[in-house]
Every structure is written in structure tokens, then in C-alpha cells.
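Me: Hey, I'm new to this one. Can you walk me through it?

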Amino acid sequence: GLKARGSNIDERQVELRRTMCAELAIPEAAMPFAGELIRVRKEEKDWEGAIERLLHGFGLSLLVPDEHYAKVAAWVDKTHLKGRRVYYRVRPDARGQGEELHPHSLVRKVQIKPDSPLYDWLERELANRFNLACCTTQDAFRREARAITIHGQIKSPGGRHEKDDRHGLNDRRHFVLGWSNTEKIAALERDALALDKSIAETDTKLRNLQASQAQIRKKLDTISKLDEYRDFQEQDVAPILVEIERLKDEQARLEKTSDKLKALRASLADVERAQKKVEAELDKNKEKRSRTGERIEQAQRDREKADRIAAEATPEQKARFADLADLRKKVAPLTLDTCDSEERRMRESLQSRYDNEQDKIRRASDRIVAAMSDYRAQWPLETREVDASLESADEFRAMLTALKADDLPRFERRFKEMLNENTIREVANFNSQLARERETIRERIASINASLTGIDYNPGRYIRLEAQTNTDQDIREFQSELRACTEGSLTASEDSQYSESKFLQVQKIIERFRGRRDSAEADRRWTARVTDVRNWFVFAASERFREDDSEYEHYADSGGKSGGQKEKLAYTVLAASLAYQFGLEWGNVRSRSFRFVVIDEAFGRGSDESAQYALRLFEQLGLQLLIVTPLQKIHIIEPFVAHVGYVQNLDGKSSSLLNLTIEEYRERQQLEGERDEQRASLPKKADEVTDA
């Protein structure tokens, strides 16, 4: 079972899923086991045994998507499972994040299959259920509330500890996680070899013991027969053997001395030989007579049967007798001995002719069916209700009659006119629309660059966005095919060969847009990629000197840059994009224009320098900001805002908002500072009072 699949789940669990999916008509891939989607990271092999032991039960759990839950629950309820099974209902709309992971959490040591549609659910479930600290020392293990050691000891809240050593910690025969079972198969094969060797040794020992047992049983049987003899004389055979030898010697002497006995013996031998010869000839003649009688009887039965068949033959069959008579003239004269062989030869000859005719019919049928299949493939809509088989010959014949009656060649000129006037024109419009969108992107980049020119990214330098042509092969081929559909459409509209080729070019593109039968999903992704003009470009940023417009640095992406550099580049492009969206011109202040921007969770993780740079940019653009930020960043935002709104939620049910002007906020901050100084001085004054 393991060699037939890639996972480590045992055959009993897989067979249960196979049975259930077959009865419910659900693909097995739609309901994976948790263990098929989880594996221990390669760099964490030392923890593999402990993790396998902890996640063993969860790995054998079946994950049931919400759309199959009702059918699976009903099937499990009415079916005797012959064991314990666990499955989880996976809801696609489940909300909430898993709890925050411990820095040394076991969850960080496992990997979820990236392409699994159940990735998010598994990530939350692992975080909620198996967020155990992986401890390498007993001191760390005792400190944690939920922990596991590398030897498999598990600690749970409430003081519960568990360690299951029924199987070896690193015994791969019981592993269930991972999407490759090569190591498990190797472990089982090693175990099988060891067992085979042990069985062979045991068989050898058993055979040796059985042989020894047989020898002992034989001795016991021999010993048990001694009870049959009551006197030793009954067992003493030596005198009897001596008497036998004496009598044999006496017989030999008598035979040597008697000539008459020798003559009688020779005569007896001759008579016996003659008798044997006569008996052999007699047996042979008896057998020959018996065979001849059987042949006569069989021939009589065959003749009666042939007469009966001839008498019962239909008129049509009797008409065939003449053909058989002609064929019989070509063979040698029939005798009783040659009837069977001639019949066999005649049957083989007729069968050969019949087989040849059948082959001709079969080849003709294959050619007809192949022609029908080609026609159906070329015209699927017109032939969707007929099959490519000889039984559909009448339907195909009716279609041919209809085609001849329709006289389609009369409409060929009209078809060419419609192809040139409608199809080619629409393809040309589509190509022009894509070209306009491409130029729009370039114009927008130019507008954004106009704003970026006025922003000092670094002293004496500014940022320019660049839109370079994408060299992706699919996009280039699509553009080429689209151009080929309209090239020469004005000068060659009357050429039938041209019209046909143009129609095939357009048809090829439309079929991929629509989705071909065997590659619908791939065609859908291809259509989305090649018709989205944004994918026709590869965007980059160039940092240039203002003095001579030479390039200082080129940013194809933000890789290799520090966090502050990434933030600064992002804020610069963001500010220029906002200027484009609001139609702002750098340095042109329009006091009555509405340029409102909301920034949520602003500057929470960035550096103070990047945040101040962004705020200065927004101020220079004259943007009206609403900034939502944690309290620890307010000292950065304070110089750039006019009002401060404190939002507080103490009971978790309702929030309160305190709105202050920046002047009121600063007064309160000053007042709080004075109170802090007074509180800091209170203990000193209390000591003075006590001393007094």
C-alpha cells in the first residue's frame, strides 16, 4: 500500500477513506489526512520522533471540507467502522488567528504543504492545539506550562505529564507525517529482512528437531517390538541361515550333474518364447478388430447424422449444397480414412476466407468510424447528439443530405465579407484597446515621475519609475498572434486562402479565451495573464542625480536593502501615487481642494526616521491626514498634526473618544509632567516630616 502512494498513512485508514469516497462519489484528494499535509522540517530531524509521537493521533484524522460534511457525517453514523476514527469539519469561513506562538514552539518545527487548500485551517489548528515549547533542558521543561522534551515527555496545563514508550521514539514503522514515505518503506523492508532471516533460522531448527524426533520414534518402535518374542531362540536366526546356505549348495550340485534337467529347461524356455509371440499377435489382432468395429460404428453414426441434417435443411441451406458440391470436386476422392482430414481442411479454408472478409469489413468500419470522429472533432456543435459508430450511419447520411441541400458554397462570399467586416474588425478593436491601455500605463508612469522629480529622495537625488517591456514568452507570443490576425486584412480580403488562415488564427485565440476541453484551468490563467496589460511591463525604480540626470542606483526590487531603505522607497512612491490620484502638481498649493488620506496602524513597525520622512512628504503635498497609530509613535506624529483623538475601551464593550487640539494636548502633557515631578518628590518630603 505504501509503495502505491506517497503518504505514510497506514493501509487500514486509507482503505476506509477509499471505501467512503467511492460510495459518496467524492475524490479522495478532496479529503486528505492531516498527516499527508504536515511534515517535520529537514533541519529539525532531531525532534522528529517526539513530534511524530505527539501528532500521531492528529495525523490520522481525516479533514472533511464543509461542502462534504453532511454526506460524510451521515455515512459514518450508519456505517460500522470496525475501529476508532476521527475526522474534522473544515469550515472555509472560520475566523480568528491561532494563539501567539512560543519562540521555541513545536509548531515552528513542522511544515504545512504549501499548495494545500486547507493550509490556513491547519495553521490555526496547529497553533491552537500544539503550541508546546520544545525544551532541551529539564530546567526549561519545568518552567514552561506546556512543553515537550526531545525524548517525548509531554507536559500539559494542570500538571499532567505523559511519556508513551510503547514504541521506539525513532521507529519509523509507526510514523504518519510527511508527503514522502521512502524512509518508512526502507524501515519496513529492513524489518522484513530481519524477520525473514529469523523465520529461516527457526525453520532450520524445526527441521533438525523433526528429524531427531523421527529417529527417536523409529528406535522406540523397534524397542516396542521386542515384546513379541518370549524366548531368545525365536530371535536367534543364525542356525536357520546356515541351513538355508547348505540347501542352496546341494541344489546347485544336483543341477550341475543332471543333463536331462538342462535339456528340459532349454525346451521350456523355447516354448515360453513362442507362446509369448503368439499371445502378442493375438492381442494385436484383437485390438485391430476392436478399432475397426468402432470405426464402422462411428462411420454409421456420422452417415445417419449427415442424412438427418440434409433432411432437416432449409431451402436456403439446400441451395448452399451446390456450392459445397463444387468445392468437393476440387479435393481428392473421399474415403472413410480421409473424411475427417478433408473436412478439417475444408473448414480451415472456409474459415480463412471468412476471416479475410471480416478483416476487410473491420478495416472499412475503422476507416468509417475514424472519418466520423474527425468530423465530430471538427464540428462538435453540429454532431453533439450523434456518436462515432456504424449505428449512427443514418444520422451522418442525413447530415450529408442536408449539407448538399443547403448548398453552402453559395454563401462562401458572404462568409468572407462577414469575416473581414466583423471578426477581423473586432479583433483589431481589441488589439487597439490593449494598445491604448498600454499607453495609459506609460502616461500614468510619466505623471507619477513628474511628481517624483520634485521629491528629494536623498540630497541632490530623486526617484524615477521605469516601465520596461516584459520578455515573458507567453505574452510576446500572444501579442504576435494578435497582430497576425489583422495584418494585411485590407489588401487581401478577396483571397479565400487568406480568409481561411485569418479565421483559423482568430479561432485559435478565441478557443484559448473560452478554455479548451483538456486545459481549461491553464487557459483561464493564461487569459488572465496575457490580457492584463499590467503584466506586459516589468516595473523598476531608478535613483538619479539632479545635476546631470545620471543614474546613481537601480532598484529592480527591495532585496538586499535595510528595513529603513525599503520603507523610504515605499513612502516615496506612495506619495507620488497619491499626487497622481488627486491630480496634484508639486509645489502648487490649492487650499480649497479635498485631499483626504487615512493611514491605519501607521508607522507601527517602521523606524522613526522613515516615519518622519513620510510625514514631511505628505505635508509638502498638502494632504489632509487621519493617522491611526499606537501611543508609542505619537511623539513622531505630533509635529505634523492639528488634533489628537484618544480612543479607549476599558470594558471591551464600548469605546470612548477624547478629541483635543494640539495646543490642548501639549498643555496636558506639560501638566502631566509637572505632576510626575511632584509625585517623585513626595517620599523625600515624607522622610523630612518623620525626622521632624
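Reply: Sure, a term to begin with: on a 1 Å grid over the protein atoms alone, a cavity is a set of points where a 1.4 Å probe fits but cannot get out, and lining residues have an atom within 4 Å of a point. This is a predicted model, where local features need pLDDT of at least 70 and side-chain atom pairs pLDDT 80 or more, while totals for chains, interfaces and linings use all residues. Residues are numbered from 1 along each chain, and side-chain values use heavy atoms, without hydrogens and water.

Me: How many cavities of 30 Å³ or more does the structure hold?
Reply: One. Its volume (the space filled by probe spheres set on the points, which are joined across faces, edges and corners) is about 120 Å³.

Me: Which residues are closest to the centre of that cavity?
Reply: Leu16, Met20, Leu62, Arg85 and Val86, out of 14 that line the cavity. Helix α1 (11-24) and helix α3 (69-78) each give two or more residues to the lining, and α1 gives the most, with four. Helices here are DSSP runs of H or I with at least four residues, and strands are runs of E with at least two, numbered from the N terminus.

Me: Switching topic: are Leu62 and Val64 in β2 buried or exposed?
Reply: Buried, meaning under 20% relative accessible area with a 1.4 Å probe, protein chains only. On the other side of β2 (62-65), Leu63 and Pro65 are buried too.

Me: And which strand do the four bridges join β2 to?
Reply: Strand β3 (87-90), running parallel to β2. Val64 has Arg89 as its bridge partner there. Strands count as paired if DSSP finds at least two bridges between them.

Key
On a 1 Å grid over the protein atoms alone, a cavity is a set of points where a 1.4 Å probe fits but cannot get out, and a pocket is an open set with protein on both sides within 12 Å along at least five of seven lines; lining residues have an atom within 4 Å of a point. Buried means under 20% relative accessible area, exposed over 50%, partly exposed in between (1.4 Å probe, protein chains only).
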